[in-house]
Amino acid sequence: MAYQALYRVWRSQTFEDVVGQRHITKTLQNALSQQKISHAYLFSGPRGTGKTSAARIFAKAVNCEKAPVEEPCNECPSCLAIMDGSFADVLEIDAASNNGVEEIRDLREKVRYVPSSAKYKVYIIDEVHMLSTGAFNALLKTLEEPPEHVIFILATTEPHKIPLTIHSRCQRYDFKQITVEDSIFRMKTVMDGTGLAYDEAALQIIARAAKGGMRDALSLLDQAISYSADKVTEVDALEITGSVSGAFLAEVTEAVYEKRVIDALENLNKAFESGKDPLRLVEELIFYYRDMLLAQVSTESGLFIDEGLKRLADKIPATELYRYIDEWNQALQGIKWSLHPRIYLEVLFVKLSQPTTAPDQMSSETIQTLIDKIDILENEVRHLKKAPVQSAAVGAVQTRTPEPEVRVPISRTALSEILIHATKQDKERILNHWQEIKESCFPDSQSKSALLDEAEPIAVSANAFVLKFTHDIHLKMAMRSEEFIGRLSTVLQEKTGVQYETILPVTESEWLKERERFLQTQKKKPVEKKTTLEEPLVAKAKSLFGEELVEVVEE
(Lines give C-alpha, C1' and ligand atoms only; values in the text may rest on other atoms or scores of the structure.)
Protein backbone atom coordinates (compact mmCIF):
# COMPACT_ATOMS: atom_id res chain seq x y z
CA MET A 1 0.00 0.00 0.00
CA ALA A 2 1.21 3.51 -0.78
CA TYR A 3 2.50 5.58 2.11
CA GLN A 4 -0.08 7.78 3.81
CA ALA A 5 0.70 11.02 5.60
CA LEU A 6 0.50 11.04 9.37
CA TYR A 7 -2.47 13.39 9.49
CA ARG A 8 -4.45 10.89 7.36
CA VAL A 9 -3.36 7.81 9.29
CA TRP A 10 -3.99 9.46 12.65
CA ARG A 11 -7.19 11.28 11.70
CA SER A 12 -9.59 11.36 14.66
CA GLN A 13 -12.07 8.46 14.54
CA THR A 14 -13.96 9.21 17.77
CA PHE A 15 -14.95 12.39 19.56
CA GLU A 16 -12.42 11.61 22.29
CA ASP A 17 -9.64 11.77 19.65
CA VAL A 18 -10.60 15.31 18.54
CA VAL A 19 -7.93 17.56 20.01
CA GLY A 20 -8.73 20.76 21.92
CA GLN A 21 -12.46 20.96 21.08
CA ARG A 22 -14.03 19.49 24.21
CA HIS A 23 -16.74 22.19 24.31
CA ILE A 24 -18.01 20.97 20.92
CA THR A 25 -17.54 17.21 21.20
CA LYS A 26 -19.32 17.09 24.56
CA THR A 27 -22.33 18.96 23.15
CA LEU A 28 -22.55 16.65 20.13
CA GLN A 29 -22.25 13.55 22.31
CA ASN A 30 -25.11 14.71 24.53
CA ALA A 31 -27.26 15.44 21.47
CA LEU A 32 -26.58 11.95 20.10
CA SER A 33 -27.33 10.16 23.34
CA GLN A 34 -30.55 12.15 23.87
CA GLN A 35 -31.60 11.85 20.20
CA LYS A 36 -31.78 15.64 19.83
CA ILE A 37 -30.29 15.72 16.36
CA SER A 38 -30.66 18.90 14.32
CA HIS A 39 -31.11 18.95 10.56
CA ALA A 40 -28.25 21.41 9.90
CA TYR A 41 -24.92 22.21 11.56
CA LEU A 42 -22.31 24.86 10.82
CA PHE A 43 -18.71 24.05 11.85
CA SER A 44 -16.46 27.11 11.64
CA GLY A 45 -12.87 27.73 12.70
CA PRO A 46 -9.23 27.89 11.56
CA ARG A 47 -7.81 25.26 9.23
CA GLY A 48 -6.67 21.95 10.67
CA THR A 49 -8.69 22.16 13.87
CA GLY A 50 -10.92 19.10 13.29
CA LYS A 51 -14.05 20.40 11.54
CA THR A 52 -14.25 17.76 8.80
CA SER A 53 -13.11 15.01 11.17
CA ALA A 54 -15.87 15.92 13.65
CA ALA A 55 -18.40 15.92 10.79
CA ARG A 56 -17.37 12.39 9.75
CA ILE A 57 -17.48 11.13 13.32
CA PHE A 58 -20.98 12.61 13.70
CA ALA A 59 -22.07 10.94 10.45
CA LYS A 60 -20.79 7.58 11.75
CA ALA A 61 -22.51 8.04 15.12
CA VAL A 62 -25.97 8.77 13.68
CA ASN A 63 -25.73 5.81 11.28
CA CYS A 64 -24.03 3.38 13.65
CA GLU A 65 -25.91 0.10 14.04
CA LYS A 66 -25.62 0.51 17.84
CA ALA A 67 -27.20 3.98 17.82
CA PRO A 68 -28.10 5.90 19.87
CA VAL A 69 -24.47 6.11 21.06
CA GLU A 70 -22.15 8.91 22.15
CA GLU A 71 -19.30 7.42 20.12
CA PRO A 72 -19.39 5.37 16.90
CA CYS A 73 -18.33 1.76 17.37
CA ASN A 74 -16.03 1.83 14.28
CA GLU A 75 -16.74 -1.87 13.87
CA CYS A 76 -20.15 -2.15 12.18
CA PRO A 77 -20.41 -2.14 8.36
CA SER A 78 -21.75 1.45 8.31
CA CYS A 79 -18.87 2.82 10.40
CA LEU A 80 -16.27 0.94 8.39
CA ALA A 81 -17.75 2.07 5.08
CA ILE A 82 -17.79 5.70 6.18
CA MET A 83 -14.18 5.40 7.37
CA ASP A 84 -12.95 4.18 3.96
CA GLY A 85 -15.18 6.60 2.02
CA SER A 86 -17.39 4.00 0.32
CA PHE A 87 -20.63 4.72 2.16
CA ALA A 88 -23.19 5.98 -0.37
CA ASP A 89 -25.35 7.86 2.14
CA VAL A 90 -22.55 10.09 3.46
CA LEU A 91 -21.50 12.55 0.77
CA GLU A 92 -18.65 15.02 1.06
CA ILE A 93 -18.93 17.98 -1.31
CA ASP A 94 -16.13 20.45 -1.98
CA ALA A 95 -17.88 23.81 -2.35
CA ALA A 96 -14.76 25.38 -3.82
CA SER A 97 -15.16 23.34 -7.02
CA ASN A 98 -18.94 22.75 -6.85
CA ASN A 99 -20.13 26.27 -6.12
CA GLY A 100 -22.63 26.85 -8.90
CA VAL A 101 -26.40 26.95 -8.88
CA GLU A 102 -26.71 23.79 -10.99
CA GLU A 103 -24.73 21.67 -8.52
CA ILE A 104 -26.93 22.82 -5.62
CA ARG A 105 -30.11 22.24 -7.63
CA ASP A 106 -28.90 18.70 -8.36
CA LEU A 107 -28.25 18.21 -4.64
CA ARG A 108 -31.71 19.55 -3.84
CA GLU A 109 -33.27 16.96 -6.13
CA LYS A 110 -31.30 14.08 -4.62
CA VAL A 111 -32.06 14.85 -0.98
CA ARG A 112 -35.64 13.69 -1.53
CA TYR A 113 -34.53 10.08 -2.01
CA VAL A 114 -34.36 8.01 1.17
CA PRO A 115 -31.01 6.53 2.28
CA SER A 116 -30.13 3.25 0.64
CA SER A 117 -28.65 1.48 3.65
CA ALA A 118 -28.66 3.82 6.63
CA LYS A 119 -31.00 5.84 8.81
CA TYR A 120 -29.69 9.26 7.74
CA LYS A 121 -28.28 10.69 4.56
CA VAL A 122 -25.52 13.12 5.62
CA TYR A 123 -24.19 15.89 3.36
CA ILE A 124 -20.83 17.38 4.45
CA ILE A 125 -20.20 20.57 2.45
CA ASP A 126 -16.61 21.70 2.98
CA GLU A 127 -15.52 25.34 2.48
CA VAL A 128 -19.18 26.29 2.15
CA HIS A 129 -18.33 30.02 2.04
CA MET A 130 -17.13 29.45 -1.56
CA LEU A 131 -20.70 28.96 -2.82
CA SER A 132 -22.04 31.68 -5.08
CA THR A 133 -24.97 33.88 -4.08
CA GLY A 134 -27.28 31.97 -6.42
CA ALA A 135 -26.13 28.67 -4.93
CA PHE A 136 -26.83 29.90 -1.40
CA ASN A 137 -30.31 30.97 -2.48
CA ALA A 138 -30.92 27.57 -4.06
CA LEU A 139 -29.79 25.83 -0.86
CA LEU A 140 -31.79 28.06 1.46
CA LYS A 141 -35.23 26.43 1.33
CA THR A 142 -33.85 22.90 1.40
CA LEU A 143 -31.67 23.78 4.38
CA GLU A 144 -34.66 25.21 6.23
CA GLU A 145 -37.01 22.24 5.79
CA PRO A 146 -35.10 19.19 4.55
CA PRO A 147 -36.60 15.68 4.63
CA GLU A 148 -36.41 13.94 8.00
CA HIS A 149 -33.73 11.56 6.78
CA VAL A 150 -31.25 14.32 5.74
CA ILE A 151 -28.59 16.08 7.84
CA PHE A 152 -26.45 18.93 6.50
CA ILE A 153 -23.04 19.70 8.02
CA LEU A 154 -21.44 22.88 6.63
CA ALA A 155 -17.74 23.47 7.31
CA THR A 156 -15.96 26.78 6.72
CA THR A 157 -12.90 28.77 7.70
CA GLU A 158 -14.61 32.09 6.94
CA PRO A 159 -18.07 32.17 8.55
CA HIS A 160 -18.46 35.93 7.96
CA LYS A 161 -18.90 35.22 4.24
CA ILE A 162 -21.96 33.05 4.80
CA PRO A 163 -25.36 34.81 4.54
CA LEU A 164 -27.24 35.36 7.79
CA THR A 165 -30.20 33.46 6.37
CA ILE A 166 -28.00 30.34 6.28
CA HIS A 167 -26.62 31.06 9.76
CA SER A 168 -30.10 31.24 11.26
CA ARG A 169 -31.03 27.78 9.96
CA CYS A 170 -28.00 25.99 11.45
CA GLN A 171 -26.59 25.14 14.84
CA ARG A 172 -23.21 26.86 14.83
CA TYR A 173 -20.11 25.40 16.50
CA ASP A 174 -16.91 27.49 16.57
CA PHE A 175 -13.72 25.43 16.60
CA LYS A 176 -10.81 27.19 18.30
CA GLN A 177 -7.09 27.11 17.59
CA ILE A 178 -5.38 24.19 19.28
CA THR A 179 -3.02 25.12 22.09
CA VAL A 180 0.65 24.22 22.05
CA GLU A 181 0.13 21.88 25.00
CA ASP A 182 -2.70 19.98 23.25
CA SER A 183 -0.67 19.71 20.05
CA ILE A 184 2.32 18.31 21.95
CA PHE A 185 0.10 15.78 23.72
CA ARG A 186 -1.35 14.57 20.42
CA MET A 187 2.08 14.34 18.75
CA LYS A 188 3.38 12.31 21.70
CA THR A 189 0.49 9.89 21.14
CA VAL A 190 1.39 9.62 17.45
CA MET A 191 5.11 9.16 18.10
CA ASP A 192 4.46 6.56 20.79
CA GLY A 193 2.10 4.77 18.41
CA THR A 194 4.71 4.69 15.63
CA GLY A 195 7.47 3.64 18.02
CA LEU A 196 9.85 6.44 17.00
CA ALA A 197 12.13 8.30 19.41
CA TYR A 198 11.90 12.05 19.85
CA ASP A 199 13.00 15.03 21.92
CA GLU A 200 10.24 16.86 23.76
CA ALA A 201 11.83 20.17 22.79
CA ALA A 202 11.42 19.18 19.11
CA LEU A 203 7.69 18.66 19.58
CA GLN A 204 7.35 22.07 21.20
CA ILE A 205 9.10 23.74 18.26
CA ILE A 206 6.80 21.96 15.80
CA ALA A 207 3.67 22.80 17.82
CA ARG A 208 4.52 26.50 17.84
CA ALA A 209 5.30 26.51 14.14
CA ALA A 210 1.88 24.96 13.41
CA LYS A 211 0.14 28.05 14.91
CA GLY A 212 -2.90 26.24 16.27
CA GLY A 213 -3.49 23.73 13.45
CA MET A 214 -3.27 20.03 14.32
CA ARG A 215 -3.04 18.98 10.68
CA ASP A 216 -0.14 21.40 10.14
CA ALA A 217 1.60 20.04 13.25
CA LEU A 218 1.32 16.45 12.02
CA SER A 219 2.52 17.45 8.55
CA LEU A 220 5.61 19.14 10.02
CA LEU A 221 6.18 16.12 12.28
CA ASP A 222 5.99 13.90 9.19
CA GLN A 223 8.69 16.02 7.55
CA ALA A 224 10.86 15.89 10.66
CA ILE A 225 10.59 12.09 10.78
CA SER A 226 11.66 11.84 7.14
CA TYR A 227 14.55 14.27 7.74
CA SER A 228 15.89 12.62 10.89
CA ALA A 229 17.85 9.40 11.06
CA ASP A 230 16.38 7.42 13.91
CA LYS A 231 15.22 10.13 16.35
CA VAL A 232 13.41 13.46 15.91
CA THR A 233 15.78 15.91 17.58
CA GLU A 234 15.54 19.60 18.36
CA VAL A 235 17.99 20.38 15.55
CA ASP A 236 15.82 18.45 13.06
CA ALA A 237 12.74 20.41 14.13
CA LEU A 238 14.60 23.72 13.80
CA GLU A 239 15.74 22.86 10.29
CA ILE A 240 12.29 21.75 9.14
CA THR A 241 10.34 24.68 10.61
CA GLY A 242 12.92 27.41 9.97
CA SER A 243 12.94 28.33 13.66
CA VAL A 244 15.96 29.29 15.75
CA SER A 245 17.34 27.46 18.75
CA GLY A 246 16.81 28.37 22.36
CA ALA A 247 20.55 28.89 22.75
CA PHE A 248 20.53 31.44 19.92
CA LEU A 249 17.56 33.28 21.41
CA ALA A 250 19.29 33.33 24.80
CA GLU A 251 22.47 34.79 23.29
CA VAL A 252 20.58 37.51 21.41
CA THR A 253 18.39 38.39 24.38
CA GLU A 254 21.34 38.64 26.77
CA ALA A 255 23.39 40.71 24.31
CA VAL A 256 20.54 43.20 23.88
CA TYR A 257 19.90 43.45 27.62
CA GLU A 258 23.61 43.97 28.40
CA LYS A 259 23.87 46.59 25.61
CA ARG A 260 26.46 44.61 23.64
CA VAL A 261 25.58 45.98 20.20
CA ILE A 262 28.31 44.17 18.23
CA ASP A 263 27.44 40.75 19.70
CA ALA A 264 23.74 41.28 19.02
CA LEU A 265 24.39 42.22 15.37
CA GLU A 266 26.77 39.28 14.87
CA ASN A 267 24.11 36.86 16.09
CA LEU A 268 21.56 38.49 13.81
CA ASN A 269 23.93 38.15 10.86
CA LYS A 270 24.41 34.43 11.61
CA ALA A 271 20.66 33.93 11.54
CA PHE A 272 20.33 35.61 8.15
CA GLU A 273 23.26 33.65 6.73
CA SER A 274 21.56 30.40 7.75
CA GLY A 275 18.45 31.45 5.81
CA LYS A 276 16.15 32.44 8.69
CA ASP A 277 13.13 34.55 7.82
CA PRO A 278 13.10 37.99 9.57
CA LEU A 279 9.39 37.79 10.32
CA ARG A 280 9.74 34.32 11.80
CA LEU A 281 12.75 35.44 13.84
CA VAL A 282 10.77 38.28 15.44
CA GLU A 283 7.89 35.92 16.25
CA GLU A 284 10.32 33.56 17.98
CA LEU A 285 11.76 36.44 20.01
CA ILE A 286 8.28 37.53 21.14
CA PHE A 287 7.49 33.99 22.30
CA TYR A 288 10.85 33.79 24.08
CA TYR A 289 10.20 36.98 26.06
CA ARG A 290 6.69 35.75 26.81
CA ASP A 291 8.11 32.46 28.15
CA MET A 292 10.46 34.42 30.41
CA LEU A 293 7.51 36.33 31.85
CA LEU A 294 5.62 33.10 32.50
CA ALA A 295 8.71 31.57 34.09
CA GLN A 296 8.87 34.54 36.48
CA VAL A 297 5.21 34.13 37.41
CA SER A 298 5.04 30.37 37.87
CA THR A 299 7.24 27.33 37.52
CA GLU A 300 4.16 25.26 36.65
CA SER A 301 3.30 27.06 33.39
CA GLY A 302 3.46 23.82 31.38
CA LEU A 303 6.28 25.16 29.17
CA PHE A 304 9.52 23.44 28.32
CA ILE A 305 11.95 25.78 30.10
CA ASP A 306 15.67 25.26 29.49
CA GLU A 307 18.48 26.50 31.69
CA GLY A 308 19.23 29.53 29.51
CA LEU A 309 15.64 30.79 29.65
CA LYS A 310 15.43 30.21 33.40
CA ARG A 311 18.69 32.10 33.98
CA LEU A 312 17.56 35.11 31.89
CA ALA A 313 14.12 35.11 33.54
CA ASP A 314 15.86 35.56 36.90
CA LYS A 315 18.17 38.23 35.48
CA ILE A 316 15.92 40.52 33.42
CA PRO A 317 13.20 42.44 35.35
CA ALA A 318 9.59 42.22 34.21
CA THR A 319 9.45 45.94 33.33
CA GLU A 320 12.23 45.42 30.76
CA LEU A 321 10.46 42.36 29.33
CA TYR A 322 7.27 44.40 28.83
CA ARG A 323 9.26 47.07 26.98
CA TYR A 324 10.98 44.53 24.74
CA ILE A 325 7.72 42.79 23.87
CA ASP A 326 6.16 46.14 22.89
CA GLU A 327 9.15 46.95 20.68
CA TRP A 328 9.11 43.55 18.97
CA ASN A 329 5.35 43.70 18.39
CA GLN A 330 5.76 47.04 16.64
CA ALA A 331 8.64 45.56 14.62
CA LEU A 332 6.40 42.69 13.57
CA GLN A 333 4.04 45.17 11.90
CA GLY A 334 6.84 47.24 10.41
CA ILE A 335 8.66 44.29 8.84
CA LYS A 336 5.51 43.18 7.00
CA TRP A 337 5.54 46.44 5.02
CA SER A 338 9.28 47.08 4.88
CA LEU A 339 11.19 46.67 1.60
CA HIS A 340 14.37 45.98 3.58
CA PRO A 341 13.43 43.84 6.60
CA ARG A 342 17.07 43.01 7.39
CA ILE A 343 18.02 46.69 7.74
CA TYR A 344 14.86 47.30 9.76
CA LEU A 345 15.87 44.58 12.22
CA GLU A 346 19.49 45.75 12.43
CA VAL A 347 18.41 49.29 13.29
CA LEU A 348 16.04 47.95 15.94
CA PHE A 349 18.81 45.83 17.48
CA VAL A 350 21.04 48.91 17.68
CA LYS A 351 18.23 50.94 19.23
CA LEU A 352 17.45 48.32 21.88
CA SER A 353 21.15 47.88 22.66
CA GLN A 354 21.70 51.58 23.36
CA PRO A 355 22.25 52.53 27.02
CA THR A 356 19.17 54.05 28.61
CA THR A 357 18.67 55.83 31.89
CA ALA A 358 15.59 54.67 33.67
CA PRO A 359 13.95 56.97 36.26
CA ASP A 360 14.90 54.58 39.07
CA GLN A 361 18.54 54.64 37.95
CA MET A 362 19.03 58.42 38.30
CA SER A 363 21.81 59.57 40.56
CA SER A 364 21.01 61.35 43.80
CA GLU A 365 22.68 64.51 42.43
CA THR A 366 20.36 64.54 39.40
CA ILE A 367 17.29 64.06 41.58
CA GLN A 368 18.38 66.87 43.94
CA THR A 369 18.95 69.22 40.98
CA LEU A 370 15.43 68.56 39.74
CA ILE A 371 13.99 69.18 43.21
CA ASP A 372 15.83 72.52 43.42
CA LYS A 373 14.45 73.62 40.07
CA ILE A 374 10.92 72.70 41.14
CA ASP A 375 11.32 74.79 44.32
CA ILE A 376 12.47 77.81 42.28
CA LEU A 377 9.48 77.51 39.94
CA GLU A 378 7.04 77.20 42.85
CA ASN A 379 8.48 80.36 44.46
CA GLU A 380 8.10 82.29 41.20
CA VAL A 381 4.49 81.17 40.84
CA ARG A 382 3.69 82.32 44.38
CA HIS A 383 5.42 85.65 43.72
CA LEU A 384 3.38 86.28 40.57
CA LYS A 385 0.14 85.50 42.41
CA LYS A 386 0.89 88.02 45.16
CA ALA A 387 2.38 90.75 42.95
CA PRO A 388 -0.85 92.49 41.77
CA VAL A 389 -2.18 92.74 45.37
CA GLN A 390 1.05 94.27 46.68
CA SER A 391 1.25 96.89 43.94
CA ALA A 392 -2.31 97.99 44.56
CA ALA A 393 -1.81 98.24 48.32
CA VAL A 394 1.56 99.96 48.65
CA GLY A 395 2.40 100.97 45.10
CA ALA A 396 5.44 98.69 44.98
CA VAL A 397 7.41 98.61 41.73
CA GLN A 398 7.15 95.26 39.97
CA THR A 399 10.27 93.56 38.72
CA ARG A 400 8.13 91.52 36.30
CA THR A 401 5.38 92.95 34.17
CA PRO A 402 2.35 90.69 34.54
CA GLU A 403 0.33 89.82 31.50
CA PRO A 404 -2.30 92.54 30.97
CA GLU A 405 -5.79 91.51 31.94
CA VAL A 406 -8.18 91.29 29.04
CA ARG A 407 -11.18 93.51 29.73
CA VAL A 408 -14.05 93.83 27.30
CA PRO A 409 -15.83 97.15 27.82
CA ILE A 410 -19.53 97.04 27.13
CA SER A 411 -20.95 99.63 24.78
CA ARG A 412 -24.26 100.55 26.39
CA THR A 413 -25.34 102.37 23.24
CA ALA A 414 -24.76 99.25 21.13
CA LEU A 415 -26.46 97.08 23.73
CA SER A 416 -29.50 99.34 23.89
CA GLU A 417 -29.74 99.42 20.10
CA ILE A 418 -29.75 95.61 19.96
CA LEU A 419 -32.32 95.31 22.75
CA ILE A 420 -34.63 97.83 21.11
CA HIS A 421 -34.71 95.95 17.81
CA ALA A 422 -34.37 92.39 19.19
CA THR A 423 -37.13 89.96 18.23
CA LYS A 424 -37.98 86.39 19.05
CA GLN A 425 -37.90 85.41 15.38
CA ASP A 426 -34.34 86.72 14.92
CA LYS A 427 -33.21 84.82 18.00
CA GLU A 428 -34.79 81.56 16.85
CA ARG A 429 -33.04 81.92 13.49
CA ILE A 430 -29.69 81.55 15.26
CA LEU A 431 -30.80 79.03 17.89
CA ASN A 432 -32.12 76.66 15.22
CA HIS A 433 -28.59 76.40 13.84
CA TRP A 434 -26.62 76.95 17.06
CA GLN A 435 -25.49 73.35 17.61
CA GLU A 436 -24.40 73.07 14.00
CA ILE A 437 -22.61 76.42 14.27
CA LYS A 438 -20.67 75.28 17.36
CA GLU A 439 -19.54 72.08 15.63
CA SER A 440 -18.44 73.92 12.46
CA CYS A 441 -16.55 76.87 13.95
CA PHE A 442 -13.46 75.18 15.36
CA PRO A 443 -13.40 71.49 14.39
CA ASP A 444 -9.60 71.33 14.88
CA SER A 445 -9.46 73.12 18.24
CA GLN A 446 -11.15 71.53 21.22
CA SER A 447 -10.33 74.46 23.50
CA LYS A 448 -12.01 77.05 21.27
CA SER A 449 -14.93 74.74 20.61
CA ALA A 450 -15.37 74.35 24.37
CA LEU A 451 -15.68 78.13 24.74
CA LEU A 452 -18.75 78.08 22.48
CA ASP A 453 -20.30 75.41 24.73
CA GLU A 454 -20.28 78.05 27.49
CA ALA A 455 -21.87 80.76 25.31
CA GLU A 456 -25.31 81.43 23.87
CA PRO A 457 -27.03 84.22 21.91
CA ILE A 458 -29.33 86.02 24.33
CA ALA A 459 -30.75 88.97 22.37
CA VAL A 460 -30.79 89.10 18.56
CA SER A 461 -31.80 91.83 16.12
CA ALA A 462 -31.75 91.80 12.34
CA ASN A 463 -27.97 92.26 11.99
CA ALA A 464 -26.53 92.14 15.54
CA PHE A 465 -26.77 90.08 18.70
CA VAL A 466 -25.55 89.77 22.28
CA LEU A 467 -23.39 86.69 23.02
CA LYS A 468 -23.60 85.76 26.71
CA PHE A 469 -20.76 83.77 28.37
CA THR A 470 -21.43 81.82 31.57
CA HIS A 471 -18.19 82.87 33.26
CA ASP A 472 -15.85 85.82 32.98
CA ILE A 473 -12.83 83.57 32.25
CA HIS A 474 -14.50 82.13 29.15
CA LEU A 475 -15.15 85.59 27.73
CA LYS A 476 -11.54 86.63 28.35
CA MET A 477 -10.17 83.49 26.67
CA ALA A 478 -12.41 84.08 23.65
CA MET A 479 -11.31 87.70 23.30
CA ARG A 480 -7.63 86.74 23.47
CA SER A 481 -8.11 84.79 20.22
CA GLU A 482 -8.02 87.12 17.21
CA GLU A 483 -9.94 84.73 15.00
CA PHE A 484 -12.72 83.82 17.44
CA ILE A 485 -15.28 86.52 16.57
CA GLY A 486 -14.30 86.57 12.90
CA ARG A 487 -14.71 82.85 12.49
CA LEU A 488 -18.00 82.87 14.39
CA SER A 489 -19.36 85.65 12.15
CA THR A 490 -18.35 83.74 8.99
CA VAL A 491 -20.01 80.49 10.08
CA LEU A 492 -23.14 82.37 11.19
CA GLN A 493 -23.48 83.87 7.71
CA GLU A 494 -22.98 80.42 6.12
CA LYS A 495 -25.61 78.74 8.28
CA THR A 496 -28.24 81.49 8.64
CA GLY A 497 -27.68 83.54 5.49
CA VAL A 498 -27.41 86.75 7.57
CA GLN A 499 -24.28 88.88 7.94
CA TYR A 500 -24.12 90.09 11.55
CA GLU A 501 -22.28 93.40 11.73
CA THR A 502 -22.08 93.46 15.53
CA ILE A 503 -21.45 90.62 17.99
CA LEU A 504 -21.47 91.98 21.53
CA PRO A 505 -19.90 89.59 24.11
CA VAL A 506 -20.99 89.91 27.74
CA THR A 507 -20.77 87.82 30.89
CA GLU A 508 -23.90 86.54 32.57
CA SER A 509 -23.54 88.90 35.54
CA GLU A 510 -23.01 91.91 33.25
CA TRP A 511 -25.99 90.91 31.14
CA LEU A 512 -28.35 90.76 34.12
CA LYS A 513 -27.15 94.16 35.35
CA GLU A 514 -27.36 95.90 31.95
CA ARG A 515 -30.72 94.34 31.13
CA GLU A 516 -32.17 95.65 34.40
CA ARG A 517 -30.74 99.08 33.70
CA PHE A 518 -32.24 99.08 30.20
CA LEU A 519 -35.71 98.12 31.50
CA GLN A 520 -35.62 100.87 34.14
CA THR A 521 -34.64 103.42 31.46
CA GLN A 522 -37.52 102.42 29.24
CA LYS A 523 -40.06 102.71 32.07
CA LYS A 524 -39.04 106.35 32.73
CA LYS A 525 -39.60 107.46 29.12
CA PRO A 526 -42.88 109.29 28.21
CA VAL A 527 -45.67 107.16 26.86
CA GLU A 528 -45.75 109.01 23.52
CA LYS A 529 -42.17 108.06 22.84
CA LYS A 530 -42.82 104.36 23.33
CA THR A 531 -44.20 104.12 19.86
CA THR A 532 -40.61 104.02 18.59
CA LEU A 533 -40.00 100.96 20.72
CA GLU A 534 -42.98 98.99 19.54
CA GLU A 535 -42.26 95.51 18.33
CA PRO A 536 -43.40 94.62 14.80
CA LEU A 537 -46.14 92.39 16.23
CA VAL A 538 -47.72 95.26 18.18
CA ALA A 539 -47.60 97.55 15.17
CA LYS A 540 -49.19 94.88 13.03
CA ALA A 541 -51.98 94.35 15.57
CA LYS A 542 -52.76 98.08 15.68
CA SER A 543 -52.93 98.28 11.90
CA LEU A 544 -55.37 95.36 11.81
CA PHE A 545 -57.69 96.14 14.71
CA GLY A 546 -57.21 99.82 15.32
CA GLU A 547 -55.10 101.55 17.94
CA GLU A 548 -58.07 102.06 20.31
CA LEU A 549 -58.71 98.28 20.57
CA VAL A 550 -55.11 97.18 21.21
CA GLU A 551 -53.75 97.30 24.74
CA VAL A 552 -50.03 96.58 25.30
CA VAL A 553 -49.31 94.94 28.67
CA GLU A 554 -45.65 94.92 29.77
CA GLU A 555 -44.48 91.98 31.85
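**Strands, helices and cores in a predicted model**

Biologist: Which strand is joined to strand β2 (residues 90-94) by five bridges?
Modeller: In this predicted model, β2 runs parallel to its partner, and five bridges join the two. One facing pair is Leu-91 in β2 and Tyr-123 in the partner. Five of the partner's six residues, 121-126, are buried. The strand joined to β2 is β3.

Biologist: Is strand β1 (residues 40-44) enclosed or open, and how many of its residues are buried?
Modeller: On one side of β1, Ala-40, Leu-42 and Ser-44 are buried, and on the other side Tyr-41 and Phe-43 are buried too. In a regular strand, side chains alternate between the two faces of the sheet. Both faces of β1 are covered. The strand is therefore largely enclosed by the rest of the structure, and its buried residues number five of five.

Biologist: Over how many bridges do β1 and strand β4 (residues 150-156) pair?
Modeller: The two strands pair in the parallel sense. Ser-44 stands opposite Thr-156 of β4. The number of bridges between β1 and β4 is five.

Biologist: Which residue in β5 stands opposite Tyr-41?
Modeller: Strand β5 covers residues 171-174 and runs parallel to β1, with four bridges joining them. Opposite Tyr-41 in β5 stands Gln-171.

Biologist: Which helix gives the largest share of the largest nonpolar core?
Modeller: That core has 35 residues, and Met-292, Trp-328, Leu-345 and Phe-349 have the most contacts inside it. At least two residues each come from α12 (246-257), α13 (261-273), α14 (278-297), α15 (307-315), α16 (318-337) and α17 (341-352). The largest share is nine residues, and the helix that gives it is α14.

Biologist: Which residues does Phe-349 touch, not counting those up to four places away in sequence?
Modeller: Phe-349 is one of the residues with the most contacts inside the 35-residue core. With sequence neighbours up to four places away left out, the residues touched by Phe-349 are Val-252, Val-256, Ala-264, Leu-265, Leu-268, Leu-285 and Trp-328.

Biologist: How many residues has the other core, the one with Ile-24 and Val-122 among them?
Modeller: This core lies apart from the 35-residue one. Ala-55 and Val-90 are also among its residues. In soluble globular proteins, nonpolar side chains tend to be buried together. The number of residues in this other core is 25.

Biologist: Are α12 and α14 roughly parallel or roughly perpendicular to each other?
Modeller: Their axes come within 11 Å and cross at roughly 80°. The contact is made by Gly-246, Phe-248, Leu-249, Ala-250, Val-252 and Thr-253 of α12 with Leu-281, Glu-284, Leu-285, Tyr-288, Tyr-289 and Met-292 of α14. By class, this contact has nine nonpolar, two polar and one charged residues. Angles of 65 to 115 degrees count as roughly perpendicular, so the two helices are roughly perpendicular.

Biologist: Which are the edge strands of the three-stranded sheet?
Modeller: The sheet is open, its order is β8-β9-β10 and its pairing is mixed. β8 and strand β9 (residues 464-469) are antiparallel over five bridges, with Pro-457 opposite Leu-467. An edge strand here pairs on one side only, and the edge strands are β8 (455-460) and β10 (502-507).

Biologist: At what angle to β9 does helix α19 (residues 412-421) run?
Modeller: Helix α19 lies across β8, β9 and β10. Helix α23 (residues 472-480) also packs on the sheet and touches β9 and β10. The angle of α19 to β9 is about 110°.

Biologist: How many residues of helix α9 (residues 200-210) are buried?
Modeller: The buried residues include Leu-203, Ile-205, Ile-206 and Arg-208. They pack against α8 (180-194), β6 (197-198), α10 (214-227), β7 (231-232), α11 (234-241) and α14. The helix is mostly covered, with a buried count of 10 of 11.

Biologist: Is Lys-211 buried or exposed, and what is its relative accessible area?
Modeller: Lys-211 follows α9 and sits in the loop between α9 and α10. Its phi is positive, about 55°, although it is not a glycine. Exposed means over 50% relative accessible area. Lys-211 is therefore exposed, at 53%.

Biologist: Which residue does a cis peptide bond join to Ala-67?
Modeller: Omega of this bond is about 5°. The partner is found in the loop between α3 (51-63) and α4 (77-83). The residue joined to Ala-67 is Pro-68.

Definitions and conventions: Residues are numbered from 1 along each chain as its sequence is written. This is a predicted model: local features need pLDDT of at least 70, side-chain atom pairs count only at pLDDT 80 or more; totals for chains, interfaces and linings use all residues. Side-chain values use heavy atoms; hydrogens and water are left out. A nonpolar core is a set of buried Ala, Val, Leu, Ile, Met, Phe, Trp, Tyr and Cys residues joined through side-chain atoms within 4.5 Å. Buried means under 20% relative accessible area, exposed over 50%, partly exposed in between (1.4 Å probe, protein chains only). Contact means heavy atoms within 4.5 Å. Two strands pair if DSSP finds at least two bridges between them. Axes are lines fitted to C-alpha atoms, for helices over the stretch in contact, and angles run from 0 to 180 degrees between N-to-C directions. Angles under 35 degrees count as roughly parallel, over 145 as roughly antiparallel, 65 to 115 as roughly perpendicular and the rest as oblique. Ala, Val, Leu, Ile, Met, Phe, Trp, Tyr, Cys and Pro count as nonpolar, Asp, Glu, Lys and Arg as charged, and the others, Gly among them, as polar.
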